[in-house]
Amino acid sequence: MVEWKGNLDPVEGNGAPGSAEMCIDGLGPGGEVSSKGLGRPIKVNTQGPQLLLGGAVNPSQTQPTHLVQPSLGPLIGDAKNMLAMEKKKQIGIIGAGISGLIACKYMLSKGFDPIVFEARSDVGGVWIKTIETTRLQSPRSLYQFSDFPWPSSVTEDFPTQDQVFDYIQSYAQHFDLIKHIRFNTKVVGIEYEQGLSDKDLEGKWKVVVEENNTLNNSTEVHQVDFVILCVGRFSDVPNIPEFPLNKGPEAFHGKVIHSMDYAAMDYESAANFVKGKQVTVVGFSKSALDIAMECSEANGLRNPCTVLYRTEQWNVPDYLPWGVPLTYLYLNRFSELLVRKPGESFLLSLLATMLSPLRWGFSKFVESHINKKHRLTKYGMVPKHSFVQQISSCLVTTVPEKFYDKVEEGSIILKKSPSFSFCEEGISVDGETTSTTTPLKTDVVILATGFRGDKKLKDIFVSRVFQDYIAGSPNEALPLYR
Ligand SMILES: Cc1cc2nc3c(=O)[nH]c(=O)nc-3n(C[C@H](O)[C@H](O)[C@H](O)COP(=O)(O)OP(=O)(O)OC[C@H]3O[C@@H](n4cnc5c(N)ncnc54)[C@H](O)[C@@H]3O)c2cc1C
Ligand SMILES: NC(=O)c1ccc[n+]([C@@H]2O[C@H](COP(=O)([O-])OP(=O)(O)OC[C@H]3O[C@@H](n4cnc5c(N)ncnc54)[C@H](OP(=O)(O)O)[C@@H]3O)[C@@H](O)[C@H]2O)c1
């Protein structure tokens, strides 16, 4: 139970950061206290007692007034006026990847003094550490801070991980953002606490953080008025397939890791991990393709890498098929008119229907280009869905150069399996492994099965009510987190 003493509203000019007194569980104001349930000393931070969330939420209403948004766009749009009114309030930003840095810079430009909580020891999020061969897959010109161009030293269309990381770091340094970031500080829960009056936005967000560094290992509670969630969706919480009892990794004698564990290894350890082994990579998106490529480079024909997939995808040869970025073709304002969107007006829906032949033509054109370039028909890899569906889901991935050459030579084997399970020697492929047939023998399985960004986002809220607000229903056409 957190109780505020005194008037803490800097907007009204009554109180200043640091002037508040706070009691936790009835213990004395400020200072070190031990918390119930957390099992660690709690240091109460009484600085900047006010602030917001990527949209504030009023739990006294059945619907949030402004939903928490992990990206800044909607926040800027929806809450512009509110932000002006709420000047001087305390803003907590969770995450110092690209989104968190942009949010931080924006808030500074509006006169706020945000505090950024970052679990890792550096800025850059997913770009801090990737597998060795990772490059930007969108063209550099489309992956650029609008107020901070790439340095002239980077001339590649698709910069390497190091180059992307350096670029993000320079952005943070250039705009002097680092001093606002609390590194090695993981937010373990946020909870809304209603204010004394029923007025909107009177409450606070209680942000519980765990600080982990060589000097300190403690839990702190911060009170902020607004929280901007920039926690990313492609890291931290792996999507691990579920298996019936005794048919999961525990049944297997080899090693099973997720692609994020492989990416976390230093390059040499990763190479040694797969060298000379039969490797099976599960998945058919970017992580799977890149890791399979690294395995085939390491092991060649001696130990071909098997890619176990369940859905064929329109993965593109590159983003510049005819020297024109694909995004210019598909993600411009005109192409948006070709796609039906939930809740759109009758006129827009009619327009999308009338333009559907054009949409179909576009799709077939790109599909035939990809098919020809990758020889998909030959390998039985033609997807059942259209390219328009693929790009509308924002899940288009580039195929590493020479990937299908490796398939052709046999150092990468593509194997379809709608589902799979583990057995002692390897993997039982759906519909193929019976008591008389042998399983797919393998030494190592790398699950390149993606991430549970939805779960990461949900779990940061202590309250079930907010967890449900943020994630929406799994059947929603447009999950909030997009
Ligand atoms: C390997 C890889 C390559 C990619 N390549 C491309 C590409 O070429 N083009 C493209 O458009 N997109 C690409 N993406 C997508 C990429 O996720 C985005 O482009 C972008 O980098 C995401 O930035 P972000 O700040 O939203 O999230 P992230 O980079 O994931 O940053 C989130 C940050 O929040 C921190 N955090 C999370 N939870 C907490 C917590 N509870 N407390 C404190 N801190 C927390 C994390 O430590 C992390 O630093 C790629 C993704 C991956 C994984
Ligand atoms: N720039 C780069 O070089 C680079 C490198 C790595 C990642 N990334 C980006 O990072 C993001 C994450 O990529 P990712 O490849 O890690 O994950 P992802 O895009 O989410 O792909 C997950 C893959 O795992 C499969 N899968 C999920 N659950 C499965 C199950 N139970 N059984 C079998 N297969 C299952 C999916 O198949 P279905 O299609 O059948 O669901 C899909 O092929 C993407 O945006 C990607 O573009 C970029």
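In this predicted model, Asp-236 is located in the loop that lies between β11 and β12 (255–258). Its phi angle is near 70°, a positive value for a residue other than glycine. In general, most residues that are not glycine have a negative phi. Asp-236 counts as partly exposed because 18 other C-beta atoms lie within 10 Å, whereas a buried residue would need 20 or more.

The loop between β11 and β12 also holds Asn-246. Asn-246 is likewise not a glycine, and its phi is positive, at about 65°. With 10 other C-beta atoms within 10 Å, Asn-246 is classed as exposed, since the limit for that class is 12 or fewer.

Strand β11, which comprises residues 226–229, pairs with β5 in the parallel sense, and four bridges link the two strands. Within this pairing, Ile-228 of β11 is the bridge partner of Ile-93. A parallel pairing also joins β5 to strand β6, made up of residues 115–117, here over three bridges. In β6, Phe-117 stands opposite Ile-94. The connection from β5 to β6 runs through α2, and the resulting β-α-β crossover is right-handed.

Strand β5 itself spans residues 91–94 and is covered on both faces. Ile-91 and Ile-93 lie on one side, Gly-92 and Ile-94 on the other, and all four residues are buried. Ile-93, the partner of Ile-228 in β11, and Ile-94, which stands opposite Phe-117 in β6, thus belong to opposite sides of β5.

Helix α2 (98–109), through which the chain passes on the way from β5 to β6, also contributes to the surroundings of ligand 1. There are 29 residues around this ligand, and those that come nearest are Gly-95, Gly-97, Ser-99, Gly-125 and Gly-232. At least two residues of the shell are supplied by α2, and at least two by β8 (185–193). The share from α2, three residues, is the largest. Sorted by class, the shell consists of 14 nonpolar, 11 polar and four charged residues.

Terms used. Residues are numbered from 1 along each chain as its sequence is written. Chains are lettered from A and ligands numbered from 1 in the order in which they are written. This is a predicted model: local features need pLDDT of at least 70, side-chain atom pairs count only at pLDDT 80 or more; totals for chains, interfaces and linings use all residues. A residue is near a molecule or strand if its C-beta atom, placed from the backbone, lies within 6 Å of it. Ala, Val, Leu, Ile, Met, Phe, Trp, Tyr, Cys and Pro count as nonpolar, Asp, Glu, Lys and Arg as charged, and the others, Gly among them, as polar. Two strands pair if DSSP finds at least two bridges between them. A crossover is right-handed if, with the strands pointing away from the viewer, the path from the first strand over the helix to the second runs clockwise.
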